[in-house]
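Please look through the structure below before reading on, and keep it in view while the paragraphs take up its sheets, its pockets and some details of its backbone.

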Amino acid sequence: MTLTLYNTMTRAKAPFAPLDPANVRMYVCGPTVYDNIHIGNARPLVVFDVLARLLRHEYGAGRVTYVRNITDVDDKIIERAAERGVPIDELTRSTTEQFHADAEALGCLPPDVEPRATDHIFDMIALVARLIERGHAYATDSGEVLFDVPSMPDYGALSGRNRDEMIAGARIEVASHKRDPADFVLWKPSSGDQPGWDSPWGPNNGRGRPGWHLECSAMSEKYLGPEFDIHGGGVDLVFPHHENERAQSVCDHPDQPFAHVWMHNGYLMSEGEKMSKSLGNFYTVRELRDEFPGEALRLALLKTHYRQPLDFTKDGVREAKRELDYLYGALRGGDPEPAYDPADDPADDGGAASDVARALDDDLNTPLAVAGLYALASSAYKTRDSGRDTDDRLFEIQEILKYNGGLLGLLQHDPEAWFRGDGDDAAAIDALVAARSAARAAKDFAEADRLRDELVGRGIALEDGPGGTIWRRGG
């Protein structure tokens, strides 16, 4: 099946045709590292991780370049560092480390390139200079440089907003002496206690810092060129961030369209309402990881199509955890090593023609892909329960299930480790299970029942089978 994707720019779904099948290029806006990410931030992380996995499946791992940036210079960062009384670099370093831990817990593979804004200031200054030279930007006496929105005839084409909506919805920037109310900041002056770099504009050697939108234009061009395949992010970024990115980049390279496909995941609600600390439904990934496995968070996010609004609930995560128990149960007794490897040649995956891959080819239909995993798991259970000599067939189904789970970033743990959880009492539980098995063998059923009750009291569920007794947490 041909990969099809919905393009925000055209407002239609169409077959994906990369500019160069040997070098498929994708840029996704990463975090502004002033605080821990919340579950809404996690949604684009997971969505575009699945897309990167799928592109590697379709074109080969060595033929995909996935870039996701770190914004480490921003007014929010300056304000948060001042609130906490810590140096800015200390705040961004610790927050970036936590972000990486959260992304890993969610099963997200690292991007191929992860540029930081502060490492690309001179690229940004050069971009601003070119925009001024081409008549698309202007400097003020105070050291601000603004983009001249009326100089771009089709500004607003991405978001589809009219002029009044764009002015009302623009992110507030400190910008005096605007020629037009819609003009936005490319470069702003920095005071002595704010991060800043020398530039050609304004007093004090033009000491200033980039505007938010400028950063991604410079970094995407640095690593993917002025024209690339896919630009992704949350729907909240369509305007003004992506609209302004597009304006900067297209006006810098008027003969190239910047990103060919724009993809945006839908809004996230929390417990039926807009996420808010005052409502008690504001969840950071770090906090949720204390209560749930990261993989359960990931599955809860994938059960809704990425373009649809998602109502995130803790009950939904609990349901996802039970569903993962079912899927991992189908893998018990097989090879504990994951079958999915992003470096695999797609011709050798063993599951390329599966319902999972076909569902993902249809604009990342992850709910249908998850249903495909259930079908494979059901087949594994039926094969195991048939009582015939079916080990080879069972192992084959399990390998296909693991590979296709890997396309979704799921089912990559040792099944036994999944059921044992993170507790440090596994050895003691193993001893109780063994003692119960010995009591049953000796027909001491009273002792066997006592040991079962003790295990159940510790939250352990037992499953007796021909191969012995296995256990899992959450009983």
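Two strands are said to pair if DSSP finds at least two bridges between them. With that in mind, we can begin with strand β3 (residues 24-28) and strand β9 (residues 228-234), which run parallel and are joined by three bridges. One place to look for along these strands is Tyr-27, which stands opposite His-231 in β9.

Before going further, please keep in mind that this is a predicted model. The predictor's confidence in each residue is given as pLDDT, on a range from 0 to 100; for this chain the mean pLDDT is 90, and 89% of the residues reach 70 or more. Residues 345-352 are a stretch to treat with care, since pLDDT stays under 50 there, and the model has 12 contacts beyond four places in sequence for this stretch. Where pLDDT is low, the predicted coordinates should not be read in detail.

We can now return to β3 and β9 and see where they belong. Both are part of an open sheet of four strands in the order β4-β3-β9-β10, whose pairing is parallel. At the edges of this sheet are β4 (64-68) and β10 (259-265), each of which pairs on one side only. From one strand to the next, the twist averages 20 degrees. Helix α7 packs on this sheet, where it touches β3, β4 and β9, and the direction of the helix makes about 160 degrees with that of β3.

A second open sheet of four strands has the order β5-β6-β7-β8, and here the pairing is antiparallel. Because β5 (137-139) and β8 (208-210) stand at the edges with a single partner strand each, one side of each is left without a neighbour in the sheet. Neighbouring strands of this sheet are turned against each other by 20 degrees on average, direction ignored. Within the sheet, strand β7 (residues 184-189) and β8 run antiparallel and are joined by three bridges, and the bridge partner of Lys-188 in β8 is Arg-209.

Another antiparallel pair is made by strand β1 (residues 4-7) and strand β2 (residues 12-15), which four bridges join. Asn-7 has Ala-12 in β2 as its bridge partner. The hairpin of β1 and β2 has four residues between the strands, and in this hairpin Arg-11 takes a positive phi near 60 degrees.

That angle leads to two other details of the backbone. Most residues other than glycine have a negative phi, and most peptide bonds are trans. Asn-204, in helix α6 (residues 203-206), has a positive phi, near 55 degrees. A cis peptide bond, with omega about 5 degrees, joins Phe-239 and Pro-240, and Pro-240 is found in helix α8 (residues 238-252).

From the backbone we turn to the spaces between the atoms. Rolling a probe the size of a water molecule over the atoms shows where empty space is left. The largest pocket has a volume of about 1200 Å³, and it is lined by 41 residues, of which His-38, Gly-40, Asn-41, Asp-236 and Leu-237 lie nearest its centre. At least two residues of this lining come from each of α1 (39-59), α2 (75-84), α7, β9 and β11 (268-270), and α1 gives the most, with five residues. By class, the lining of the largest pocket has 17 nonpolar, 14 polar and 10 charged residues.

The second largest pocket has a volume of about 760 Å³. It is lined by 33 residues, and Pro-293, Gly-294, Glu-295, His-413 and Trp-418 are those that lie nearest its centre. Here α11 gives the most to the lining, with five residues; the lining divides into 12 nonpolar, six polar and 15 charged residues.

What remains is the enclosed space: the structure holds two cavities of 30 Å³ or more. Which helix gives the most to the lining of the second largest cavity? The answer is helix α7 (residues 212-224), with three residues, the helix that also packs on the sheet and touches β3, β4 and β9. This cavity has a volume of about 30 Å³, and the residues that line it include Ser-217, Ser-220, Glu-221, His-253 and Phe-258. Its lining is made up of two nonpolar, five polar and one charged residue.

Notes: Residues numbered from 1 in each chain as written. Predicted model: local features only at pLDDT ≥ 70, side-chain atom pairs only at ≥ 80, totals over all residues. Heavy atoms only, no water. 1 Å grid on protein atoms, 1.4 Å probe; cavity = no way out; pocket = protein on both sides within 12 Å on 5 of 7 lines; lining within 4 Å. Points joined across faces, edges and corners; volume = space filled by probe spheres on them. Nonpolar A, V, L, I, M, F, W, Y, C, P; charged D, E, K, R; others polar. Contact = heavy atoms within 4.5 Å. Axes fitted to C-alpha atoms, helices over the stretch in contact; angles between N-to-C directions.
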